[in-house]
Amino acid sequence: MTKSSRWADLRPRILSAVVMLGIGLFAIWAGGVVFNLTIAVVCGGILWELSGMMWPGQSARALKLGVAGGAALLVASLVPTVLVLPILLLPVALGALSAGAQAQKFSIFALWAMCAAFGFVWLRNAQGVALLLWLISVVVATDVLGYFAGKVFGGPKFWPRISPKKTWSGTAAGWLAAAFVGALFASPLGFGAGLIGLSVVLAMASQAGDIAESALKRQMGVKDSSDMIPGHGGLFDRFDGMLGAAALFLVIVTLWGI
């Protein structure tokens, strides 16, 4: 691979990332309905892409499930806690009505996306900005440093059959980046050194989310979940790591609190 081809996707990736960062920071700052709606749009888009991979050519089904996912997340952000899970399950159940293995795959990934997206809504609305910025920073640092370390250092592949571009150097660099973010946030958040270890664990969850989506795309025979975001592919491609980290953090909070 030549040097120019190795970095061919860097320019569109940076430009798209700047736009997404601006939208994301505005939504986080605004909070409330603006933030909930932003996450609902992303979540609905992910279910739309997921449906498109599961059932190619069935655009009406994909649109229906995408709209159902976004609407369910918005409603779940407004109702009492006891009603949240049943509402999040509605678009999952809607997709599961289809017969066959595709419905099972859709249900698993859709449930993951719905719960992780709600985790972001809960984190912003119930815990405020600081904890949410820490979680996002962990995932972004893991992804960015992992990307550049993998490009620069290369080396043995992490899991070539599933994700042929990922290297051990990039994976380990992501863990180091997450630890650094944890150290930066430990004192301001009042969590102490334990936040460093938790940050690394969430970095691993982020990478696991990336690998899970890569495995799904390989099974479905597609390169990207969609071509919505230049340099990144689709929403699912861009936010799979966020979904992995958010889902694990929601489980940790549910089991042990914060």
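A salt bridge is taken here as a side-chain nitrogen of Lys or Arg within 4 Å of a carboxyl oxygen of Asp or Glu. The structure is a predicted model, in which local features need pLDDT of at least 70 and side-chain atom pairs count only at pLDDT 80 or more, while totals for chains, interfaces and linings use all residues. Residues are numbered from 1 along each chain as its sequence is written, and side-chain values use heavy atoms, with hydrogens and water left out.

With that criterion, a search of the whole structure finds 4 salt bridges. One of them joins Arg238 to Asp143, with the closest N and O atoms 2.6 Å apart. Because Arg238 lies in helix H10 and Asp143 in helix H7, this pair ties together parts that are 95 residues apart in sequence; helices here are DSSP runs (H or I, at least four residues), as strands are (E, at least two), and they are numbered from the N terminus. To describe the setting of these side chains, buried means under 20% relative accessible area, exposed over 50%, and partly exposed in between, with a 1.4 Å probe and protein chains only. Arg238 has 17% relative accessibility and so counts as buried, whereas Asp143, at 25%, counts as partly exposed.

Helix H10 also carries Asp237, which forms a salt bridge with Lys217, the closest N and O atoms being 2.8 Å apart. Since Lys217 belongs to helix H9 (residues 194-220) and Asp237 to H10, the pair ties together parts that are 20 residues apart in sequence. Both Asp237 and Lys217 are buried, and the two residues are linked with Glu213 in a network of salt bridges. Another salt bridge pairs Asp224 with Lys223, where the closest N and O atoms are 3.6 Å apart. Asp224 counts as partly exposed because its relative accessibility is 30%, while Lys223, at 65%, counts as exposed.

Arg238 leads on to the empty space in the model. Rolling a probe the size of a water molecule over the atoms shows where empty space is left. On a 1 Å grid over the protein atoms alone, a cavity is a set of points where a 1.4 Å probe fits but cannot get out, a pocket is an open set with protein on both sides within 12 Å along at least five of seven lines, and lining residues have an atom within 4 Å of a point. Grid points are joined across faces, edges and corners, and a volume is the space filled by probe spheres set on the points.

The second largest pocket has a volume of about 1100 Å³. Its lining is made up of 39 residues, of which Met20, Leu21, Arg238, Phe239 and Met242 lie nearest its centre. At least two lining residues come from each of helices H2 (10-30), H3 (32-54), H6 (101-127), H7 (129-153) and H10 (235-256), and H2 gives the most, with 12 residues. The lining divides into 32 nonpolar, 4 polar and 3 charged residues, where Ala, Val, Leu, Ile, Met, Phe, Trp, Tyr, Cys and Pro count as nonpolar, Asp, Glu, Lys and Arg as charged, and the others, Gly among them, as polar.

Turning to enclosed space, the structure holds 1 cavity of 30 Å³ or more, and about 40 Å³ of space lies in the largest cavity. The lining of the largest cavity consists of Gly119, Phe120, Trp122, Leu123, Leu135, Ala246, Phe249 and Leu250. The elements that give two or more residues to this lining are H6 and H10, with H6 giving the most, 4 residues. By class, the lining of the largest cavity has 7 nonpolar residues, 1 polar residue and no charged ones. Leu123, one of the lining residues, has its place in helix H6 and counts as buried, at 0% relative accessibility. The C-alpha atoms of Leu123 and Ala149, which are 26 residues apart along the chain, are separated by 30 Å.

On the outside, Trp48, Leu63, Val67 and Met228 make a nonpolar surface patch of about 390 Å². Patches are made of residues with over 30% relative accessible area and no salt bridge, like charges being joined within 9 Å and nonpolar side chains (Val, Leu, Ile, Met, Phe, Trp, Tyr) within 5 Å; accessible areas come from the Shrake-Rupley method with a 1.4 Å probe, and for residues only the protein chains shown count as cover. Leu63 lies in helix H4 (residues 59-76) and is exposed, with a relative accessible area of 53%. In the loop between H4 and helix H5 (81-96) sits Ser77, which counts as buried at 18% relative accessibility.
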